[in-house]
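Biologist: Could we go through the enclosed spaces in this model together? I'd like to take them one at a time.

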Amino acid sequence: MNWFFQFPEMGRSELREFKKSIDFAFRDFSRTYGENIENFFEPLLMFLVWFEKLFINTPWPIIIAGILLLAWLGSRSISILIGTLISFLLIGYFGMWEDTMSTLAIILVATILCISIGIPTGIAMARSDRVQIIVLPILDVMQTIPSFVYLIPVVMLLGIGKVPGLIAVCIYAIPPVVRLTNLGIRLVDKAVLEAADSFGANYWQKLFGVQMPLALPTIFAGINQTIMMALAMVVIASMIGVKGLGLPVLRAVSNQYLALGLMNGLAIVVLAIIFDRVTQKFGLRMQKYRKEIKD
Amino acid sequence: MNKKEILIKINQLYKIFGKDTSHALELVKNGMSKDELLEKSNCVLGLNNINLNINKGQIQVIMGLSGSGKSTLIRHLNRLIEPTSGEILFNNTNILDLSIKELTQFRQNNMSMVFQKFALFPHKTILQNVGYGLAIQGISKDVWAEKSVKWINRVGLDGYESYFPGQLSGGMQQRVGLARALATDAEILLMDEAFSALDPLIRSEMQNILLDLQNELHKTIIFITHDLDEALKIGDRIAILRDGSMIQDSGPQNIIMNPEDDYVSDFIKDINRARVIQAKSIMSPTNTKSSGPVISDKMVLEDILQIMSDAPSKPVTVKNEAGKVIGKIAMPNLIEGMKRPKSQGTNITG
Ligand SMILES: Nc1ncnc2c1ncn2[C@@H]1O[C@H](COP(=O)(O)OP(=O)(O)OP(=O)(O)O)[C@@H](O)[C@H]1O
Ligand SMILES: [Mg+2]
């Protein structure tokens with residue numbers, strides 16, 4: 001009856017061998033293919049570095065003007081505009097300008113990457129139930145696995161640096177765009193699709209003419225979530241060599257610098273709020289034709 | 001109107017929803033009923049051996065209770081639903097044999113549809129909605145915009161081009177639906193309970209618009225409704241469905257005078273017979289003129305009664321459109337016409 005009280009587990013040495021064999025197999029894999037994979041991501045690195053340099057080297061008044069312009073185009077709201085201006089002035093005044101620019105660069109590149117992979121994946125899921133059945137559990141894993149766990153294989157493969165950080169951010173942040181693209185397309189009124197069919201629309205005409213435009217507000221909610229999650233991941237990504245606001249936060253934690261931690265942490269929060277409000281307002285404006293129904 | 005030309009021919013069409021439909025088809029062909037089939041094989045019988053000829057340039061109404069298969073039948077015509085077995089001939093080509101590409105062409109050029117819940121594109125303007133069928137054919141914007149403006153005006157929505165569907169009332173939205181279907185110049189119009197969602201006044205208005213347009217355009221229209229008054233008002237022929245089978249297909253007058261069975265009698269028992277039965281249905285055929293007034297063969301009982309009440313003993317003469325005498329009506333004909341056919345029970349109460 002011993003097995004009843006004591007779980008019949010694998011022998012110690014066998015377990016060690018088992019883990020070792022996995023580790024070695026992966027190490028061998030990364031030794032043989034690591035370089036290829038690194039080369040594969042080279043353009044991404046150049047893209048990211050280019051953005052970072054652009055943001056840091058451009059004089060701050062021009063950057064602020066550009067950001068204000070984007071905020072205005074997105075939200076058409078004076079209060080958001082004023083809030084954005086004050087936030088960036090304070091960030092600069094407290095000496096966090098360069099870190100903020102690095103963070104903006106990585107968020108921007110991560111978002112572009114997530115959208116360009118996430119939306120087509122979501123479309124494929126909406127088209128085929130089989131694809132949906134395969135992808136959904138993968139998204140679940142990506143969202144629930146502790147981020148430190150997938151940092152290990154990423155670092156083993158690519159070492160420490162910007163690209164592994166970017167990949168970690170993307171793995172964490174991509175699920176909402178994928179999920180909400182899929183959901184948005186699936187929620188489009190069947191009757192409207194039937195109408196498109198009855199006039200002889202083909203798959204692409206239905207996708208781009210009917211499904212995507214009607215799903216756009218939902219997809220946009222997904223993009224908003226993705227940006228938020230990318231920002232949340234910035235601190236963890238700085239553990240593996242991403243520059244930006246995360247780095248001082250990390251230093252503050254290990255050295256117990258309260259003010260440094262708070263200031264940089266708050267800068268991340270401010271960025272998050274600005275992104276969130278602007279994209280939400282933009283999402284709302286896209287549904288103008290819906291709002292007019294209620295009037 | 002002389003010889004009627006058949007445009008669409010539906011032959012032995014079966015539709016069974018569910019798994020293992022070929023086995024279920026055998027059961028149905030051997031006479032199994034809808035309820036029995038559902039119980040035995042978990043399949044829903046949608047259509048059961050439908051045979052129907054639809055004449056060119058006419059309005060073919062399809063009636064039946066909810067769940068009788070009306071929507072299923074009309075969606076076979078443009079293959080929004082694929083049949084289990086059977087054929088649908090359009091100008092002697094079987095629609096069911098068309099390749100995907102041919103089917104797309106066919107839907108773009110030959111058939112368009114109006115839906116019960118309008119099914120307009122909420123994110124497109126009225127102009128874009130009406131032009132949709134043309135735009136997806138790759139026609140240039142100038143051309144389709146001009147055509148859609150024409151149709152928007154034709155259904156009485158001048159000036160609403162840049163509105164969104166959500167800003168219009170139900171009746172206006174269905175005018176857009178109608179304009180959208182007409183804009184492609186397809187010769188066949190499918191209308192699935194197109195006016196059912198509208199309130200009575202607007203519905204009657206829409207029926208008039210449709211009849212006006214039909215006088216001018218002579219389309220072949222398949223019109224679904226469960227409202228007999230509507231069917232009688234616009235139908236050239238009326239087919240009645242029940243549990244996926246076709247019970248009767250005949251002219252409107254014939255449905256009222258000679259209902260095929262109790263199901264059909266049930267359908268017609270609530271109508272105001274005096275308002276729909278026409279002279280030609282109750283007259284005694286003759287070609288000699290009688291002493292009383294002369295009336296048209298399309299005049300309804302109510303009006304004939306009005307005329308005859310002045311001189312009840314004199315029979316009236318019935319003439320057809322060409323002005324030829326074709327019959328006469330005396331008081332007993334009128335009374336016979338008012339009576340419900342078959343033993344439906346006269347419901348004497350109180
Ligand atoms: N996709 C489907 N799967 C299974 N059964 C279906 C499907 N579509 C229709 N049916 C069944 O086929 C039968 C006919 O349905 P249909 O929608 O054609 O009826 P209808 O005459 O249009 O009714 P209504 O007046 O309510 O619109 C019903 O019993 C319905 O349950
Ligand atoms: Mg229906």
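Biologist: Which residues line the second largest cavity?

Modeller: Bearing in mind that this is a predicted model, the second largest cavity is lined by B:Leu178, B:Leu182, B:Leu189, B:Leu210, B:Leu213, B:Gln214, B:Leu217, B:Lys219 and B:Ile221. Two elements of chain B, helix H7 (170–182) and helix H8 (200–217), each give two or more residues to that lining.

Biologist: And which element gives the largest share there?

Modeller: That is H8(B), which provides four residues of the lining of the second largest cavity.

Biologist: What does that lining look like by class?

Modeller: Sorted by class, the lining of the second largest cavity has seven nonpolar residues, together with one polar and one charged residue, and the volume of this cavity is about 40 Å³.

Biologist: Stepping back, how many cavities of 30 Å³ or more does a search of the whole structure find?

Modeller: The search finds three cavities of 30 Å³ or more, and the largest of them has a volume of about 50 Å³.

Biologist: OK, what lines the largest cavity?

Modeller: Its lining is made up of A:Leu48, A:Glu52, A:Ser102, A:Ala105, A:Ile106, A:Lys162, A:Val242 and A:Lys243, and the elements of chain A that give two or more residues to the lining are helix H2 (12–57) and helix H5 (97–127).

Biologist: Which element gives the most, and how many charged residues are in that lining?

Modeller: H5(A) gives the most to the lining of the largest cavity, with three residues, while by class that lining has three charged residues alongside four nonpolar and one polar.

How values were computed:
Residues are numbered from 1 along each chain as its sequence is written. Chains are lettered from A and ligands numbered from 1 in the order in which they are written. This is a predicted model: local features need pLDDT of at least 70, side-chain atom pairs count only at pLDDT 80 or more; totals for chains, interfaces and linings use all residues. Side-chain values use heavy atoms; hydrogens and water are left out. On a 1 Å grid over the protein atoms alone, a cavity is a set of points where a 1.4 Å probe fits but cannot get out, and a pocket is an open set with protein on both sides within 12 Å along at least five of seven lines; lining residues have an atom within 4 Å of a point. Grid points are joined across faces, edges and corners, and a volume is the space filled by probe spheres set on the points. Ala, Val, Leu, Ile, Met, Phe, Trp, Tyr, Cys and Pro count as nonpolar, Asp, Glu, Lys and Arg as charged, and the others, Gly among them, as polar.
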